[in-house]
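Reader: I have a model open and want to read its pockets, strands and cavities in order. Where do we begin?

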Amino acid sequence: AFGVVFVEMAGTANDAIRRLQTKPFDIIICDYFLGDGSDGQQFLEQIRHNQLISLTTIFVMVTAERVYEKVVSAVELAPDDYLIKPFTADTLRSRLERIMQKKLAFAPIYRMIEDRKLAEATQICTELAKQQSKYTIDVLRLLGELYVTQGKFEEAQAVYQQVVDLRAVPWARMGLAKMLHFKNDHAAAEELLEAVIDESPEYMAAYDLLSKVCESQEKNARAQQVLERAVAASPYTLHRQKEMGQLAMRNDDLEAAEQAFTRVVERGKTSFFREADDFANLSRVQMERGKINEALGTLRDGRASFNNSPEAAFTASVMESLIYTKAGNAEASAKALEAALEVRAANDIKTKEDVALDLAKACFAHGKDEEAKTLITTLVSNNHDSSALIQKAKQLFESVGKGEEGSALVDGSVSKIIQLNNQGVLKAQQGDLDGS
């Protein structure tokens, strides 16, 4: 009746994701209670996190629960609007028209962002922010995000502080805390995030950031406690469960790590966003706990779940090599390592951080030292600003009795990348953009 000429219905979140993967939609109207172990808010976060909808897509949440008004005021990724059931057709139409007006007003900026013309988008937002309008807060939020994306943290902090002074909305205080964290003022960031959580306990992103802030101060047990609270409140968000498992592993809390990774595998079986690494993570912690048969069984499940795809076969073979080494079966371990290297070479598989370290460890175990060193050098070069990865790489060298050599190799790789980056900056400042 509103003139919409094409409508599709989806019965579950996965059904909706399948449709979004095949074609774009202008409007999504989603019920908050989906009945398949997830809710509309988690669905929205998944499709935005995986870039299945554009900035121009309209997303409206529908719910019978008035408590959602409290939820939506404290989420990082909010819908464009929400409707409390029951509502009339006229109400839906007026809300959609209001959202469309806003989307049209921001359309030129959205196009620039999607075309990666961030400087131009920033300039327009800066000009719009000077003009008081009903969209001023929205413009300031977008401006802050643009500054962060470009690494202009001082400018971003000024924007977030401006919004906090106008209205202490959770996202602005969260942005301010993020800037403090980037500037290594972790104590101030922690204090601000505690206040955000006290006032808006539904704001899950604040827990995620607070956990990272605590880790930066080496308050690892505290970091895990914070994330445990978030996982308890939002158990169906897979990326948070994965982070919980990784953090528990770093804290040597293997029981908590196994529980988290088990939930990731179980809940990921019906998710479009599951990965072969999920099974590798679970098998790794099972191996560390001495559960050899369970670890091998997890990898068999992973192969079957992904129809033995090259990525799944590679990941499983890497882990099987380490598991057989731990079990004292050197022959099976060597065979699994060769299988992993063959699949990797034949399919040009891009190795993820933890699996790359596992592969390097397996290579060291079988005398393939040069392959191991090349893997680690490449990994460190591509992640030279990750102190956690650098520490893990050095620990790996220590574990195979090559601590001094490993430290020199890792530090040298980091220095080389920093030097290249500085040369690029200098050439850009001199006007040599091609050389930069």
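Author: Begin with the status of the model: it is predicted. Then take a pocket and ask what kind of residues line it.

Reader: How do the lining residues of the second largest pocket divide into nonpolar, polar and charged?

Author: The lining divides into 21 nonpolar residues, two polar and five charged. The pocket holds about 900 Å³ of space. Its lining counts 28 residues, and those closest to the centre are Val7, Glu8, Ile27, Ile28 and Ile29.

Reader: Which elements each supply at least two residues of that lining?

Author: Helix H1 (13-22), strand S1 (27-31) and helix H4 (89-114) do. S1 gives the largest share, five residues.

Reader: Let's stay with S1. Which of its residues form the covered face, and which the uncovered one?

Author: To read a strand, sort its residues by face. On S1, Ile28 and Cys30 make up the covered face. Ile27, Ile29 and Asp31 make up the uncovered one.

Reader: And H1? Which of its residues are buried?

Author: For a helix, list the buried residues, then look for what covers them. In H1 the buried ones are Ala13, Asn14, Asp15, Ala16, Ile17 and Leu20. Their cover includes S1 and helix H2 (40-49).

Reader: Now the sheet. What is the order of its strands?

Author: Read the order, then the sense of pairing, then the edges. This is an open sheet of three strands in the order S1-S2-S3, with parallel pairing. S1 and strand S3 (81-84) are the edge strands, each pairing on one side only. On average, neighbouring strands are turned by 20° against each other, direction ignored.

Reader: What packs on the sheet?

Author: H4 does, touching S1, S2 and S3. The direction of H4 makes about 170° with that of S3.

Reader: How many bridges join each pair of strands?

Author: S1 pairs with strand S2 (residues 58-63) over five bridges, in the parallel sense. S2 and S3 also run parallel, joined by four bridges. For the register, follow one row across. Isoleucine 29 of S1 stands opposite valine 60 in S2. Valine 60 in turn stands opposite aspartate 81 in S3.

Reader: On to closed spaces. How many cavities of 30 Å³ or more does a search of the whole structure find?

Author: Two. A cavity is read like a pocket: volume first, then lining. The largest cavity has about 50 Å³ of space. Its lining is Ala276, Phe279, Ala280, Leu299, Gly302, Arg303, Phe306, Ala312, Thr315 and Ala316. Helix H14 (276-288), helix H15 (292-305) and helix H16 (310-327) each give two or more of the lining residues.

Reader: How do the residues of that lining divide by type?

Author: Seven are nonpolar, two polar and one charged.

Reader: And what is the volume of the second largest cavity?

Author: About 40 Å³. Val264, Val265, Gly268, Lys269, Arg274, Asp278, Phe279 and Ser305 line the second largest cavity. Two elements, helix H13 (254-268) and H14, give two or more residues to this lining. H13 gives the most, with three.

Reader: How does this second lining divide by type?

Author: Into three nonpolar residues, two polar and three charged. Note one residue in both lists: Phe279 lines the largest cavity and the second largest cavity.

Methods:
Residues are numbered from 1 along each chain as its sequence is written. This is a predicted model: local features need pLDDT of at least 70, side-chain atom pairs count only at pLDDT 80 or more; totals for chains, interfaces and linings use all residues. Side-chain values use heavy atoms; hydrogens and water are left out. On a 1 Å grid over the protein atoms alone, a cavity is a set of points where a 1.4 Å probe fits but cannot get out, and a pocket is an open set with protein on both sides within 12 Å along at least five of seven lines; lining residues have an atom within 4 Å of a point. Grid points are joined across faces, edges and corners, and a volume is the space filled by probe spheres set on the points. Ala, Val, Leu, Ile, Met, Phe, Trp, Tyr, Cys and Pro count as nonpolar, Asp, Glu, Lys and Arg as charged, and the others, Gly among them, as polar. Buried means under 20% relative accessible area, exposed over 50%, partly exposed in between (1.4 Å probe, protein chains only). Two strands pair if DSSP finds at least two bridges between them. Contact means heavy atoms within 4.5 Å. Axes are lines fitted to C-alpha atoms, for helices over the stretch in contact, and angles run from 0 to 180 degrees between N-to-C directions.
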